[in-house]
Amino acid sequence: MQQKGAIQIIEWEDLDKRKFYSLGVFMTLTTRATVYPASLIRTRLQVQKGKALYSGTFDAFFKILRTEGVRGLYRGFMVNTFNLVSGQAYITTYELVRKYVSHYSPSNTVKSVVAGGAASLVAQTITVPIDVVSQHLMMQGQGEHLTRFKVKPKMMLTTAKRKPSFGQTRDITVQIFAADGFRGFYRGYVASLLTYIPNSAVWWPFYHYYAEQLSLLAPSGCPHLILQAVAGPMAAATASTITNPMDVVRARVQVEGRSSVTETFKQLLAEEGIWMMTKGLSARIISSTPTSVLIVVGYETLKRLSLRSELIETRHW
């Protein structure tokens, strides 16, 4: 077991994989359901031109809630649950690459950067097609005029009769394929990689760094899980701020059907100035803060609950 400061890091070889995967699916689904409304709001804020529709995160929240109801905050959620696969692929890749890199470098920072980037590459390859469909569904309702594809009127929800969510998903999927072919489902793939690989590669080393520093400042009896729960949002805010400009470009490319990451960035900069780099940032941080707390507490608890039986008594919570 490797030790980082006062907090021991549970590595891949210490886990009972059967417990790890069965509990991991529940943790991932719970986390996604909790933070999905903030993701939807972030997408709408990033895609709108200037402040044409919403003036900010809270304005968007109340307007969506008032005009579309709670269901409006969960548009596209059903199809987004398929990202459970990418979530499991992410954590598996992260842990396996950490183990592989440890043969070449003992540095936790090196292992975290390489493993975080590799995990994001694998996960995004699975996630992007799901996100493309999900984001177009997110834009239905108040934001439907900002997206190329719209749910047909007969498929729209009414108070008299509600159609299944997957009916809308099928409708959007068919439109994307008809317009752009299979490549349409990977629109913005490069932008996603340029956003999430750096975000993941930055988040992990900052997370371990903040946890280590907090452990040096906190009383010796302070539960490690609390220190890790504080370190997670700190790392998320840092990573979100660094990578937000690329996240804005990614959202525009995927929703508006643009083909060039560079041209999209230049156009946004020309139209909205340097402030385009902060579009949706507050929503992203608001989203990432509880997400990080849930992920960190859930993931670290998951690893402790998944420890091999002979190691259970060796870990301080």
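Q: What volume does the largest cavity have?
A: About 1,200 Å³. Keep in mind that this is a predicted model, where local features need pLDDT of at least 70 and side-chain atom pairs count only at 80 or more, while totals for chains, interfaces and linings use all residues. Residues are numbered from 1 along each chain as its sequence is written, and side-chain values use heavy atoms, with hydrogens and water left out.

Q: What makes a space a cavity rather than a pocket?
A: On a 1 Å grid over the protein atoms alone, a cavity is a set of points where a 1.4 Å probe fits but cannot get out, whereas a pocket is an open set with protein on both sides within 12 Å along at least five of seven lines. Grid points are joined across faces, edges and corners, and the volume is the space filled by probe spheres set on them. The structure holds four cavities of 30 Å³ or more.

Q: Which residues that line the largest cavity are the closest to its centre?
A: A lining residue has an atom within 4 Å of a grid point. There are 39 of these for the largest cavity, and Arg 32, Tyr 196, Asn 199, Thr 291 and Ile 295 are the closest to the centre. H1, H4 (84-101), H5 (108-138), H7 (189-217), H8 and H10 (281-305) each give two or more residues to the lining, and H1 has the largest share with nine.

Q: What makes residues 224-256 count as helix H8?
A: A helix is a DSSP run of H or I with at least four residues (a strand is E, at least two), numbered from the N terminus. H8 has 33 residues, so it clears the minimum of four. The expected span is 1.5 Å times one less than the number of residues; for H8 that is 48 Å, and the 44 Å from first to last C-alpha is close to it.

Q: Where does H8 bend?
A: At Asn 244, by about 55°, with Pro 245 following within four residues. The bend is the angle between axes fitted to the seven residues ending at a position and the seven starting there. Just after the helix, Gly 257 takes a positive phi of about 75°.

Q: Why is H8 called largely enclosed by the rest of the structure?
A: Buried means under 20% relative accessible area, exposed over 50%, and partly exposed in between (1.4 Å probe, protein chains only). By that rule 26 of the 33 residues of H8 are buried, so the label fits. Val 230 is also found in H8, but at 41% it counts as partly exposed.

Q: How do you know that Asp 247 and Arg 42 meet in a salt bridge?
A: The term needs a side-chain nitrogen of Lys or Arg within 4 Å of a carboxyl oxygen of Asp or Glu. Here the N to O distance is 3.6 Å, so the pair qualifies. The pair links distant parts of the chain, Asp 247 in H8 and Arg 42 in H1 (residues 17-47), 205 residues apart. Asp 247 is buried at 0%, and Arg 42 is buried at 12%. Both belong to a salt-bridge network with Arg 250 and Arg 284. A search of the whole structure finds 14 salt bridges.

Q: Why are Asp 59 and Lys 63 separated by about one helical turn?
A: Because they sit four residues apart in H2 (residues 57-72). Their side chains meet at 3.3 Å, N to O, in a salt bridge. Asp 59 is partly exposed at 23%, and so is Lys 63 at 24%.

Q: How many Å apart are the end C-alpha atoms of H2?
A: Only 15 Å, for 16 residues, which is short of the 22 Å that a straight helix would reach. H2 also bends by about 90° at Arg 66. Its buried residues are Thr 57, Ala 60, Ile 64, Glu 68 and Gly 72.

Q: Why does Gly 76 count as buried?
A: Because its relative accessibility is 14%. Gly 76 lies in the loop between H2 and H3 (77-80). The C-alpha atoms of Gly 76 and Val 110, 34 residues apart along the chain, are separated by 37 Å.
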